[in-house]
Amino acid sequence: MSVEAEAKNSGPRWLLAELTYTCPLQCPYCSNPVDFYRYRNELDTDGWVKVLREARELGAVQLGFSGGEPLVRKDLEDIVREGRELGYYTNLITSGIGMDGARVKKLRDAGMDHIQISFQASDQVLNDRFAGTNAFKHKVEMAREVKAQGYPMVLNFVLYRDNIDRIADILDLAMDLQADQVELANTQYYGWALANQKRLLPSRAQLQRAEKIAHDYQKRYEGKSRIIFVIPDYYEDRPKACMAGWGNIFLSIAPDGMALPCQGARQLPGLDFPNVRDHDIRWIWEESDAFNQYRGDSWMKEPCQTCPDRGKDFGGCRCQAFQFTGDATNADPVCGLSPHHSIIQQAVEAANNNDALESIPLIFRNSKNSRKHISGEQPI
């Protein structure tokens, strides 16, 4: 059986339900599409229930709820309850805004297995600046509430140029909140984060200092808290195995019902991504041209086609290849073997040799800026 056929026949294992692009925060590193304002025709409750049932029948076992901010959906508990009845392990990825103790209990009663709360920084001033609203105190309260109601304490801190030097403070906050797991996730540059890449990318020296501190904390809290440090792939010589391969184990459903192999894929030209309103999940996964486009390795060009690592990294990220080279079939330029690797090297060089980057204005994720992207105006 070919690699393509094996992926097709195995079915998805991870289902990401992006319930909405609406969010009370305005993070400039958000991975949502910069033109999210276009996509306001959200699936209703019945539409999401249909998605959950069909994906489960195909073999999906992990179910993540994200956005935007999934707590905006008033029917979240109903969708969670359906997921529990179907046998999914459910994960909520949230800012904590829109939650209180009563809603945590409702989610637990509905069968939510796991809640991850995200922070922008370790202190109120920087956190609220990058969130675009006063959020820090409520996040801390909700982290404590989630822990008090019996959930494991799982925290996510997105790292970027302004907060990476405060990583010890970040980890001290996480330990104070009795975190069972902390993900220190360096920004991945898609959506709004790509629009702000020059402003957000840390220097190599910053990254090395932060990684050392993270490893020190890993040793200090071994057996008490799991600390994960995710290196930005711009500083790697080989690309990440994006989504463990195109159409391999991961299925994302956007708020408007578009089915995608990853959250960023709708930017790729020439692909007619199917919508769950028009097709069932089995057809989408097995038969649609879009999900078969980059499965396996038959689509690859050199240097990927003969690379011994093609079964490990799958040629890297199709979105990143398109973003930087204009051709999604090219090798991910993060790879040192890519003929376009100099693009990434230039971005890294700028981050390492310009002390004035902090003065570049941030483009915040909000409806006004999204409409400006659609119209072609300059975002503020």
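**Pockets and a helix pair in a predicted model**

The second largest pocket is lined by 15 residues, and Pro33, Val34, Asp35, Gly191 and Gln267 lie nearest its centre. The structure is a predicted model. The largest pocket holds about 1,700 Å³ of space, and the second largest holds about 280 Å³. The briefing also covers the packing of helix 3 with helix 4.

**Second largest pocket**

- Helix 8 (residues 191-195) provides the largest share of the lining of the second largest pocket, namely three residues.
- By class, the lining of the second largest pocket comprises six nonpolar, seven polar and two charged residues.

**Largest pocket**

- The space in the largest pocket amounts to about 1,700 Å³.
- A total of 49 residues line the largest pocket, and those closest to its centre are Ser31, Ile93, Asn156, Glu183 and Gln263.
- Two or more lining residues each come from strand 1 (14-18), strand 3 (89-94), strand 4 (114-119), strand 5 (154-159), strand 6 (181-186) and strand 7 (226-230).
- The lining of the largest pocket divides into 24 nonpolar, 20 polar and five charged residues.

**Helix packing**

- Helix 3 (residues 76-86) packs with helix 4 (residues 101-110) at an angle of about 25°, and their axes are 8 Å apart.
- Because angles under 35 degrees count as roughly parallel, helix 3 is roughly parallel to helix 4.
- Helix 3 contributes Leu76, Glu77, Val80, Arg81 and Arg84 to the contact, while helix 4 contributes Arg103, Lys106, Leu107 and Ala110.
- The residues of this contact between helix 3 and helix 4 comprise four nonpolar, no polar and five charged.

Methods:
Residues numbered from 1 in each chain as written. Predicted model: local features only at pLDDT ≥ 70, side-chain atom pairs only at ≥ 80, totals over all residues. Heavy atoms only, no water. 1 Å grid on protein atoms, 1.4 Å probe; cavity = no way out; pocket = protein on both sides within 12 Å on 5 of 7 lines; lining within 4 Å. Points joined across faces, edges and corners; volume = space filled by probe spheres on them. Helix = DSSP H or I, 4+ residues; strand = E, 2+ residues; numbered from the N terminus. Nonpolar A, V, L, I, M, F, W, Y, C, P; charged D, E, K, R; others polar. Axes fitted to C-alpha atoms, helices over the stretch in contact; angles between N-to-C directions. Parallel < 35°, antiparallel > 145°, perpendicular 65-115°, else oblique. Contact = heavy atoms within 4.5 Å.
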